[in-house]
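The following note is offered to a colleague who wishes to go through the model point by point. Please keep the sequence and coordinates at hand while reading.

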Amino acid sequence: MSRFGEARFLLSVASLAQLPADAGAEVAFAGRSNSGKSSAINAITRRRGLARTSKLPGRTRLLNFFELAPAQRLVDLPGYGYASVTAAEREAWLPLLDALRARSSLKGLVLVVDSRRGLTQSDEAFVEWARDAQGLHVLLSKADKLNRSEAAAALRSASERLGSRATAQLFSALRGTGIREAQEKISAWLSLASSGSDAP
Ligand code: GDP
């Protein structure tokens, strides 16, 4: 799993023209603001400051690309649910997000959901949007805030709601719960990339 320790910031994208070439493999992270998305990215890549947990307006509304290895990327999507997002900002993102979803290098999406809240209406909208992507995995974050039976109930309830639309797991950046499982899922998606080009 050493590649997760080698993640580095690649670029911020604010318009279609800035998207990196659609080559290789990428996995994108989404979630409501405050869901624990930045903490999850930092825990999974073992880079404390990679996805900034401090929210600088403007910056978090861009797509931030990180490179794990040549042609293997993670993408940090803007946190949704900001009441302050203007219609104009929303209009600028949507084509960008749709373009990302259509890329053949996008091998999967990770949705971060606060395990105490469960799937909200905006998460549900994201899950529906993600049906046109190649795969969706849900991290039920901050699981350290739940006791064992609450955590099991949160996982059961999310899994039932998601059905065949996504896989789900418990996650805690604070305690390290589920980091390995998330890395394995992401690695499996990223290695899908080579099957075309690296085949003998
Ligand atoms: P983002 O807005 O989705 O990127 O969320 P952040 O990663 O910035 O986290 C939002 C808040 O939740 C911060 O106060 C974090 O310290 C807290 N948080 C994130 N992950 C965890 C976790 O695993 N456990 C607990 N207890 N708190 C967390």
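With which side chain does the side chain of Asn-64 make a polar contact?

1. The partner is the side chain of Ser-12, at 2.4 Å. A polar contact is a pair of N or O atoms within 3.5 Å; within protein, one must be able to donate a hydrogen and the other to accept it, and residues adjacent in sequence count only if both atoms are side-chain atoms. Asn-64 belongs to strand S3, residues 63–69. Helices (H or I, at least four residues) and strands (E, at least two) are DSSP runs, numbered from the N terminus. Asn-64 is buried because its relative accessibility is 7%, where buried means under 20% relative accessible area, exposed over 50%, and partly exposed in between, with a 1.4 Å probe and protein chains only.

2. On provenance, the model is predicted: local features need pLDDT of at least 70, side-chain atom pairs count only at pLDDT 80 or more, and totals for chains, interfaces and linings use all residues. Residues are numbered from 1 along each chain as its sequence is written, and side-chain values use heavy atoms, with hydrogens and water left out.

3. The protein chain contains 6 helices and 7 strands, arranged along the sequence as β-β-α-β-β-α-β-α-β-α-β-α-α. Of its 200 residues, 48% are buried. Contact means heavy atoms within 4.5 Å; among contacts between residues at least 6 apart in sequence, 75% join residues at least 24 apart. The chain exposes about 9,800 Å², of which carbon and sulfur atoms supply 51%. Accessible areas come from the Shrake-Rupley method with a 1.4 Å probe, and for residues only the protein chains shown count as cover.

4. The ligand has 16 residues around it, and Asn-34, Lys-37, Ser-38, Ser-39 and Asp-144 come nearest; a residue is near a molecule or strand if one of its heavy atoms lies within 4 Å of it. The surrounding shell consists of 2 nonpolar, 8 polar and 6 charged residues. In this division Ala, Val, Leu, Ile, Met, Phe, Trp, Tyr, Cys and Pro count as nonpolar, Asp, Glu, Lys and Arg as charged, and the others, Gly among them, as polar. Oxygen atoms of the ligand are approached by a backbone N or O atom of Gly-36 at 2.9 Å, by a side-chain N or O atom of Ser-38 at 2.6 Å, and by a polar side-chain atom of Ser-39 at 2.6 Å. The protein covers 76% of the 580 Å² of accessible area that the ligand has on its own.

5. Why is helix H1 (residues 37–45) described as largely enclosed by the rest of the structure? The reason is that 8 of its 9 residues are buried, including Lys-37, Ser-38, Ile-41 and Thr-45. Among the elements that cover these buried residues are S2, S3, strand S4 (72–76), S5, S6 and helix H5 (179–191).

6. Two positive phi values merit a check. Most residues other than glycine have a negative phi. Arg-46, just after H1, has a positive phi of about 55°; this residue lies in the loop between H1 and S3 and is exposed, with a relative accessible area of 54%. Ala-71 has a phi near 65°, sits in the loop between S3 and S4, and is partly exposed at 39% relative accessibility.

7. The largest nonpolar core has 35 residues, and those with the most contacts inside it are Leu-63, Leu-77, Leu-109, Leu-111 and Phe-126. Such a core is a set of buried Ala, Val, Leu, Ile, Met, Phe, Trp, Tyr and Cys residues joined through side-chain atoms within 4.5 Å. Elements that each supply at least two residues of this core include strand S2 (25–31), helix H2 (87–102), strand S5 (106–114) and helix H3 (121–129). Apart from this core lies another, of 23 residues, among them Ala-25, Val-27, Ala-43 and Leu-190.

8. Phe-66 lies in strand S3 and is buried, with a relative accessible area of 2%. Leaving out residues up to four places away in sequence, Phe-66 touches several residues, including Arg-8, Phe-9, Leu-50, Ala-51 and Leu-74. Phe-66 and Ala-51 are 15 residues apart in sequence, with a C-alpha to C-alpha distance of 9.0 Å.
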